[in-house]
Amino acid sequence: MSRVGKKPIVVPAGVEVKIDGHKVTVKGPKGTLEKEFNQELTIKLENGEVVVERPNDEPKVRAIHGTTRALIQNMVSGVSEGFKKSLTLVGVGYRAAVKGKGLELSLGYSHPVIIDEIPGITFTVEKNTTILVEGIEKDLVGQIAANIRSKRAPEPYKGKGVKYTDEHIRRKEGKKA
C-alpha cells in the first residue's frame, strides 16, 4: 500500500474542509480551493483528519492513491500558509518592476518582457533583482515561476539569466586560446 496515501491529512485550526462525493473544497484564511478527484477513491473526513482510501490494488488505483492525498495536502497547506517561489536576476542591466499587478522585466532584449496579472498570484520585487511569486495553488505558483525563468534561462558560461534563488548553475570553462 502507498506510504504517502496511507497517511491522514491533519486539518489545522482555521481551515474548513468540505467533501461532497469526490469534490473537495478547502476554505482557509488565504482563500478557497476546490478540486474534483477520481471516483474510484474514497475521501473521508474523520476526527479533524482527511483520509484517502482505495478499494483495491489495481495498478491504476494504486497510482492515483498517493497523488490524490498529496494534492489534498497541498490544498490544505495553500489555504493556511500559501506557497512561494523566489527568482533572482543575474546580469548587467537585468531588473524587474511590479507594474499594477503584473510584472515588467528588463532581460537584455530590445523590449521589456511583460508578465500579465494572473488571478491568485502575487508578485513582489525586492532590490530590483529578486522576484517573489506567491499564491495558494502550488502547481500554479511553480508554473508561473517556471514561465518567468524561461524568458531568459541561465547560461552556463557567465551564469546570466533568471534563476531560482536556491538553484546552482553548473559553470563551464570558456574557450582556451
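Burial, to begin with: of the 177 residues in this protein, 34% count as buried. What we have is a predicted model, so please take every value as computed from it. The accessible surface comes to about 10900 Å², and carbon and sulfur atoms hold 48% of that.

Next, overall dimensions. The radius of gyration is 21 Å, where a compact globule of 177 residues would have a value near 16 Å. Along the principal axes, the C-alpha atoms fill a box of roughly 65 × 40 × 25 Å.

Set beside those dimensions is the division into domains. Domain 1 covers 9–81 and domain 2 covers 83–164. Taken over C-alpha atoms, their centres are separated by 31 Å. How many residues of each domain are in contact with the other? On the domain 1 side there are 8, and on the domain 2 side there are 4.

Secondary structure: 3 helices and 13 strands. As for contacts with a separation of 6 or more, 50% are between residues 24 or more positions apart.

On charge, there are 31 positive side chains and 22 negative ones. The centres of the two sets lie 10 Å apart.

Now two residues in detail, starting with V141. V141 sits in helix α3, which runs over residues 138–150. Is V141 buried or exposed? Its relative accessible area is 2%, so V141 is buried, the cut-off for buried being under 20%. Which residues does V141 touch, once those up to four places away in sequence are set aside? They are F83, K84, K85, I121, V133, E134 and G135. Take K85 from that list: K85 and V141 are 56 residues apart in sequence, yet their C-alpha atoms are 6.9 Å apart in space.

The second residue is T130. T130 belongs to strand β12, residues 130–135. Two residues touched by V141, namely V133 and E134, have numbers that fall within the span of that strand. T130 has a relative accessibility of 13% and therefore counts as buried, again with the cut-off at under 20%. Without its neighbours within four places in sequence, T130 is in contact with S86, L87, T124 and V125.

To put the two side by side: V141 is in helix α3 and is buried at 2%, while T130 is in strand β12 and is buried at 13%. Both residue numbers fall within the 83–164 range of domain 2.

Note on methods. Residues are numbered from 1 along each chain as its sequence is written. This is a predicted model: local features need pLDDT of at least 70, side-chain atom pairs count only at pLDDT 80 or more; totals for chains, interfaces and linings use all residues. Side-chain values use heavy atoms; hydrogens and water are left out. Helices (H or I, at least four residues) and strands (E, at least two) are DSSP runs, numbered from the N terminus. Buried means under 20% relative accessible area, exposed over 50%, partly exposed in between (1.4 Å probe, protein chains only). Contact means heavy atoms within 4.5 Å. The radius of gyration is taken over C-alpha atoms; the globule rule is 2.2 Å times the number of residues to the power 0.38. Accessible areas come from the Shrake-Rupley method with a 1.4 Å probe; for residues, only the protein chains shown count as cover. Lys and Arg count as positive and Asp and Glu as negative; His and the chain ends are not counted. The place of a charge is taken as NZ of Lys, CZ of Arg, CG of Asp or CD of Glu. Domain bounds come from an automatic or database domain assignment.
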